[in-house]
Amino acid sequence: MVERSLLRVLDGETVWPPPVWIMRQAGRYLPEYRATRAEAGSFQTLCYTPKLAAEVTLQPIRRFGFDAAILFSDILVVPDAFGLNFRLAEGEGPRLDPVTNAAELARLPERLPIDRLAPVFEALRLIRAGLPPETTLLGFCGAPWTVASYVVAGQGTPDQGPAVRAARADPGFLQTLIDRLVEASIDYLAAQLEAGADAVQIFESHGGALAGELFDRWSLEPVRRIVEGVRARRPGARIIVFPRGRGDRLADVAALGVNAVGIDQDTDIRQAVGALPSRVAAQGNLDPGVLIEGGAALDQAVDTLLAAVRGRPHVLNLGHGITPPTPPENVARFLARVRSA
Ligand code: CP3
């Protein structure tokens with residue numbers, strides 16, 4: 001078995017220099033991504049055409065040699081498979097047919113129609129076949145709360161207001177929706193691991209909207225059930241959870257038994273690693289802004305981050321996704337800096 005350094009880190013080992021990948025590494029900052037996206041015609045076609053999804057996943061690996069590839073897809077393919085008609089409105093962000101009450105929810109299938117996601121599993125097989133053996137392949141899904149926040153609103157919202165209101169006004173409806181997403185996520189992640197993913201990441205991008213105990217009920221508890229459910233099917237499954245905006249609850253996320261916890265750029269990295277048990281890896285947390293800036297500011301931010309994580313299991317990454325204005329040469333500089341540490 002070839003050695004995949006990122007998997008050793010997920011198993012609690014310290015690897016130096018740390019393995020590195022970046023969130024949204026297949027994306028609009030890359031000219032080759034924009035070309036394939038144009039060829040596909042739409043974001044949905046790109047997601048659901050295995051050859052094209054595999055191609056854009058592999059592009060940043062060819063260009064930069066990251067230690068991990070992340071499946072090119074979207075967290076909203078799960079509600080799409082339930083029949084909610086996911087599309088990406090040009091310049092407007094994602095759209096779904098909203099589900100706002102128990103009666104609308106009752107019309108959806110009980111269980112994830114997983115056959116509709118067959119192109120994703122085919123893409124994973126193609127990606128694995130095209131990757132260098134030492135490169136880790138990551139699958140992913142959205143955490144139930146984050147996905148539900150799009151399902152209830154039918155789109156992205158600045159504060160997840162519609163889902164937060166549902167949590168207070170109609171918790172029975174929201175619980176049924178979350179339960180369905182928990183079961184769907186278990187099925188989906190287990191199938192990704194079956195199709196060749198080495199590890200999976202659960203994106204909780206909007207947990208910041210859940211005040212106080214709402215975070216326990218609507219984020220931690222559903223994610224705990226997914227971790228248990230996936231491991232029941234795939235013993236030893238390696239799982240990363242990224243609770244963006246919740247640097248205050250990292251110890252609680254680690255206590256779910258996950259292998260790594262993603263740290264956003266608003267969280268002090270020294271405080272973050274202090275909150276995590278020594279064998280739970282941290283992942284992050286370079287500011288995507290310094291990757292736009294480049295030069296000495298980038299070098300300094302990388303050095304500061306490396307100094308803070310030296311001697312513990314860490315996966316170098318950004319604190320959130322890379323943004324379209326980032327010059328690709330700054331990504332190369334970032335990688336070179338990490339690898340010469
Ligand atoms: O990281 C990767 O390279 C893997 C692919 C990936 C995408 N989306 C591709 C994508 C992953 C892991 C995601 C996750 C995702 N999608 C999240 C969680 C992470 C986060 O960003 O907080 C969320 C909330 C979504 C929902 C979503 N999809 C949004 C809000 C958008 C619009 C974003 C934007 O910047 O316009 C998308 C579309 C999307 N998903 C793009 C990409 C590369 C932009 C697509 C394009 O226009 O070509």
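Trainee: What makes the pair of Q25 and the ligand a polar contact?

Mentor: This is a predicted model. In it, an oxygen atom of the ligand is 3.3 Å from a polar backbone atom of Q25. A polar contact is a pair of N or O atoms within 3.5 Å, so this pair counts.

Trainee: Which side chains make polar contacts with the ligand?

Mentor: R37 and D74 are among them. An N or O atom in the R37 side chain is 2.5 Å from a ligand oxygen atom. For D74, a polar side-chain atom lies 2.6 Å from a ligand nitrogen atom.

Trainee: How much of the ligand does the protein bury?

Mentor: Taken alone, the ligand exposes 880 Å². The protein buries 87% of that.

Trainee: Why is helix 8 called roughly perpendicular to helix 9?

Mentor: Helix 8 (residues 144-153) and helix 9 (residues 161-169) pack at an angle of about 100°. Angles of 65 to 115 degrees count as roughly perpendicular, so helix 8 is roughly perpendicular to helix 9.

Trainee: Which residues make that contact?

Mentor: Helix 8 gives W145, A148, S149, V152 and A153. Helix 9 gives P162, A163 and V164. By class, seven are nonpolar, one is polar and none is charged.

Trainee: What stands out about phi of R24?

Mentor: Phi of R24 is near 65°, a positive value in a residue other than glycine. Most residues other than glycine have a negative phi. R24 lies in the loop between helix 1 and helix 2.

Trainee: Where is P17, and is its bond from W16 cis or trans?

Mentor: P17 lies in the loop between helix 1 and helix 2. The W16 to P17 bond is cis, with omega near -5°.

Terms used:
Residues numbered from 1 in each chain as written. Predicted model: local features only at pLDDT ≥ 70, side-chain atom pairs only at ≥ 80, totals over all residues. Heavy atoms only, no water. Axes fitted to C-alpha atoms, helices over the stretch in contact; angles between N-to-C directions. Helix = DSSP H or I, 4+ residues; strand = E, 2+ residues; numbered from the N terminus. Parallel < 35°, antiparallel > 145°, perpendicular 65-115°, else oblique. Contact = heavy atoms within 4.5 Å. Nonpolar A, V, L, I, M, F, W, Y, C, P; charged D, E, K, R; others polar. Polar contact = N/O pair within 3.5 Å; in protein donor to acceptor, adjacent residues only side chain to side chain. Areas by Shrake-Rupley, 256 points an atom, 1.4 Å probe, with all protein chains shown as cover.
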